[in-house]
Each structure stands twice: as C-alpha cells, then as structure tokens.
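This report is written for a reader meeting the structure for the first time. Please view the sequence and the model together while reading.

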Amino acid sequence: MPLPKRDLLLVFIGGALGTLLRFFIGQLISSSGDFPLATFVVNISGSFAIGFLLARLGALSEGAAVSVKQRNWKLFLGTGFLGGFTTYSAFAFEIAALGPVVPGVSLLYAALTIVLGVVAALVGIWVAGNSSRRRNT
Amino acid sequence: MSQLLVALLIAVAGGAGAVARHTIDTFFPIKNKPYLATLFINTSGSFLAGLSFGLITVYLPTVLSFIITTGFLGGFTTFSASSFQLASLVQRRRFTEAGFYAVTQLIFSVIFVFLGLWIAI
C-alpha cells in the first residue's frame with residue numbers, strides 16, 4: 001500500500017523549502033552568547049505557524065469532510081514546510097552540546113523552547129479562531 | 001563545493017527527510033496517540049544526529065555533516081508537530097499526559113544524541 005505520489009511530492013517540496021529557510025536563518029542569526037538563537041527562533045515561529053495553519057484548516061472544515069484542497073495545503077505547509085522548517089534533532093543536539101559546558105544555559109534553553117513552543121501554538125490557534133470569526137460576522 | 005550547490009543539496013535532503021517522516025507517520029502501528037509517532041521520529045532522529053555528527057567529524061568532510069544533519073535529519077525531525085500535539089493535549093486539559101510526552105521526548109532525545117556520539121567516536 002504505497003503512499004500517493006502526489007502527497008509525497010507536496011511533502012517533499014514543502015520540506016525542501018522549509019529546510020532551506022531554516023538553513024538561511026541559521027546563516028543569518030548567530031548564537032547570542034551560548035544560547036542557540038537561530039534554532040530557538042525557527043522552532044517558536046514554526047510552532048505559532050502550525051497552530052494558526054491547522055486551526056484555520058480545521059475551522060474551515062468544521063462539520064464537513066476535509067476537502068482535497070485543504071488536505072493538500074496541510075501536507076504542503078504543515079507536514080512539509082513547517083515540519084522541515086522546525087527541527088528537534090538540532091534542538092536535542094544543542095542541549096547535549098551545551099550541557100557539559102554551561103548546564104544552566106542548556107536547561108534554560110530546553111525549558112524555554114518547549115514551554116514557549118506550546119504557548120506559541122496555542123496563540124496561533126487563538127489568532128486563527130479570532131480572524132476567522134471576524135471574517136464570518 | 002559552491003555555496004549554492006550546498007544549499008541545494010541541503011534542501012533536497014530536507015525534502016527527503018520530510019517524506020521519510022510522513023511515511024513513518026502514516027504507517028506507525030499505534031494510531032490512537034499521534035504523538036507517539038512523533039516521539040519515535042524525534043528520538044531516532046536525535047540518535048542519528050549524534051551518530052552522523054560523530055562519524056563525519058572523525059571520518060568524512062564537514063560539508064556532509066550539513067547535508068545529513070541540517071538537511072535530512074532537520075527535515076526528518078519536527079518541533080512544530082510536537083508543539084501542536086502538546087497544545088491540543090493542554091486544550092483538552094490532559095496536563096499529565098502532555099508533561100509525560102514533553103519530558104520523555106526531551107530526555108530520550110538528549111540521551112540518544114550522546115549515545116550516537118559515543119558509538120561513533
């Protein structure tokens with residue numbers, strides 16, 4: 001039971017573009033002291049965007065089946081672009097690298113990214129809900 | 001190797017990583033808790049990041065490190081899906097489950113980075 005080629009292509013192109021943007025941000029933003037600012041910015045902004053995107057796509061499909069168009073956007077932007085843009089391996093690697101050298105920064109970086117990531121996703125969901133309500137009234 | 005070619009290879013590797021993640025997500029045997037697939041992807045990706053970084057530093061040119069870790073493994077693992085899954089657990093007031101998921105994923109990923117490095121070097 002292979003996956004549809006179309007789905008894989010959407011995920012591939014989205015993932016390639018997201019990875020490229022993360023790479024460029026990594027080149028532009030240097031670490032602030034020991035704190036890995038580039039990965040932090042990428043993961044928090046990506047968490048906000050996924051909340052906004054999935055809430056918007058979900059809000060549109062409430063009570064109805066998800067359309068092919070919505071499913072394609074979810075695969076391209078959500079699974080592909082934002083999945084490729086954000087990264088857990090670099091996050092874990094940085095925590096491991098900082099741990100033995102500056103344990104306080106390592107712990108702060110880990111806790112701050114996880115907590116603010118969840119907050120950013122919740123804010124994204126909230127903003128999507130507000131903007132779609134405004135549009136409907 | 002030119003900068004442009006390196007960027008292109010990183011992008012292609014990231015796309016391939018995203019496709020690998022989507023494939024595992026789709027065929028993951030446990031369907032009722034979607035975050036378990038993400039947990040598997042992020043912990044295994046962290047192990048591979050430690051392993052490949054170690055192997056490349058010791059045996060291979062560093063440009064490969066960018067293509068494999070920044071490209072493939074960066075595209076394979078995801079932070080956004082994890083944040084969204086945690087946010088939806090929080091919205092359903094499943095705080096213990098959210099905490100357990102977040103902490104398990106973090107600790108195992110960091111341990112697996114060390115394990116990968118240790119095996120490689």
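The text below treats confidence, the two chains, their interface, the nonpolar core and a few individual residues.

**Confidence**

The structure is a predicted model. For the complex, the predictor reports an ipTM of 0.94 and a pTM of 0.93. Chain A has a mean pLDDT of 90, with 90% of its residues at 70 or more. Within chain A, α4(A) has the highest confidence, at 97, and α5(A) the lowest, at a mean of 90. In chain B the mean pLDDT is 94, and 99% of the residues reach 70 or more.

**The two chains**

Chain A contains 5 helices and 0 strands, and its elements run α-α-α-α-α from the N terminus on. Chain B likewise contains 5 helices and 0 strands, in the pattern α-α-α-α-α along the sequence. The C-alpha trace of chain B spans about 50 × 30 × 25 Å along its principal axes. The table sets out burial and contact values for each chain.

| Chain | Residues | Buried residues | Share of contacts, among those with a separation of 6 or more, between residues 24 or more positions apart |
|---|---|---|---|
| Chain A | 137 residues | 48% | 79% |
| Chain B | 121 residues | 49% | 78% |

**A helix pair in chain B**

Helix α2 of chain B covers residues 35-59, and helix α3 of chain B covers residues 62-76. The two helices pack at an angle of about 180°, with their axes 10 Å apart. An angle over 145 degrees counts as roughly antiparallel, and α2(B) and α3(B) are therefore roughly antiparallel to each other. From α2(B), the contact is made by Ile41(B), Gly45(B), Leu48(B), Ala49(B), Ser52(B), Phe53(B) and Ile56(B). From α3(B), the partners are Thr62(B), Leu64(B), Ser65(B), Ile68(B), Thr69(B), Leu73(B) and Phe76(B). By class, this contact of α2(B) with α3(B) has 9 nonpolar, 5 polar and no charged residues.

**The interface between the chains**

Contact between the chains involves 42 residues of chain A and 41 residues of chain B. On the side of chain A that touches chain B, two or more residues come from each of α1 (5-28), α2 (37-60), α3 (68-85), α4 (89-98) and α5 (103-136) of chain A. Which element gives the most to this side of chain A? It is α1(A), with 12 residues. By class, the side of chain A that touches chain B has 25 nonpolar, 16 polar and 1 charged residues.

**The nonpolar core**

In soluble globular proteins, nonpolar side chains tend to be buried together. In this model, the largest nonpolar core has 74 residues. The residues with the most contacts inside this core are Ile50(A), Ala92(A), Ile95(A), Ala121(A), Leu86(B), Ala87(B) and Val113(B). The largest share of the core, 11 residues, comes from α2(A).

Ile50(A) touches residues of both chains. Leaving aside residues up to four places away in sequence, its contacts are Gly78(A), Leu82(A), Ala121(A), Gly124(A), Ser80(B), Ala81(B), Ser83(B) and Phe84(B).

Ala92(A) and Ile95(A) are among the buried residues of α4(A). The others are Ser89(A), Ala90(A), Phe91(A), Phe93(A), Glu94(A), Ala96(A) and Leu98(A). Because 9 of the 10 residues of α4(A) are buried, this helix is largely enclosed by the rest of the structure.

**Two contrasting residues**

Gly83(A) lies in helix α3 of chain A. Is Gly83(A) buried or exposed? Gly83(A) counts as buried because it has 34 C-beta neighbours inside 10 Å. Not counting residues up to four places away in sequence, Gly83(A) touches Gly15(A), Gly18(A) and Gly78(A) in chain A, and Ala18(B), Arg21(B), Thr78(B), Ser80(B) and Ala81(B) in chain B. Gly83(A) and Ile50(A) are 33 residues apart along the chain, and their C-alpha atoms are separated by 8.9 Å.

Arg93(B) sits in the loop between α4 (80-91) and α5 (95-120) of chain B. Arg93(B) has 9 other C-beta atoms within 10 Å and is therefore exposed. Most residues other than glycine have a negative phi. The phi of Arg93(B), however, is near 60°, a positive value in a residue other than glycine.

Notes: Residues are numbered from 1 along each chain as its sequence is written. Chains are lettered from A and ligands numbered from 1 in the order in which they are written. This is a predicted model: local features need pLDDT of at least 70, side-chain atom pairs count only at pLDDT 80 or more; totals for chains, interfaces and linings use all residues. Two residues are in contact if their C-beta atoms, placed from the backbone, lie within 7 Å. Helices (H or I, at least four residues) and strands (E, at least two) are DSSP runs, numbered from the N terminus. Ala, Val, Leu, Ile, Met, Phe, Trp, Tyr, Cys and Pro count as nonpolar, Asp, Glu, Lys and Arg as charged, and the others, Gly among them, as polar. A residue is buried if 20 or more other C-beta atoms lie within 10 Å of its own, exposed if 12 or fewer, and partly exposed in between; C-beta atoms are placed from the backbone. Axes are lines fitted to C-alpha atoms, for helices over the stretch in contact, and angles run from 0 to 180 degrees between N-to-C directions. Angles under 35 degrees count as roughly parallel, over 145 as roughly antiparallel, 65 to 115 as roughly perpendicular and the rest as oblique. A nonpolar core is a set of buried Ala, Val, Leu, Ile, Met, Phe, Trp, Tyr and Cys residues joined through C-beta atoms within 7 Å. pLDDT is the predictor's confidence in each residue, from 0 to 100.
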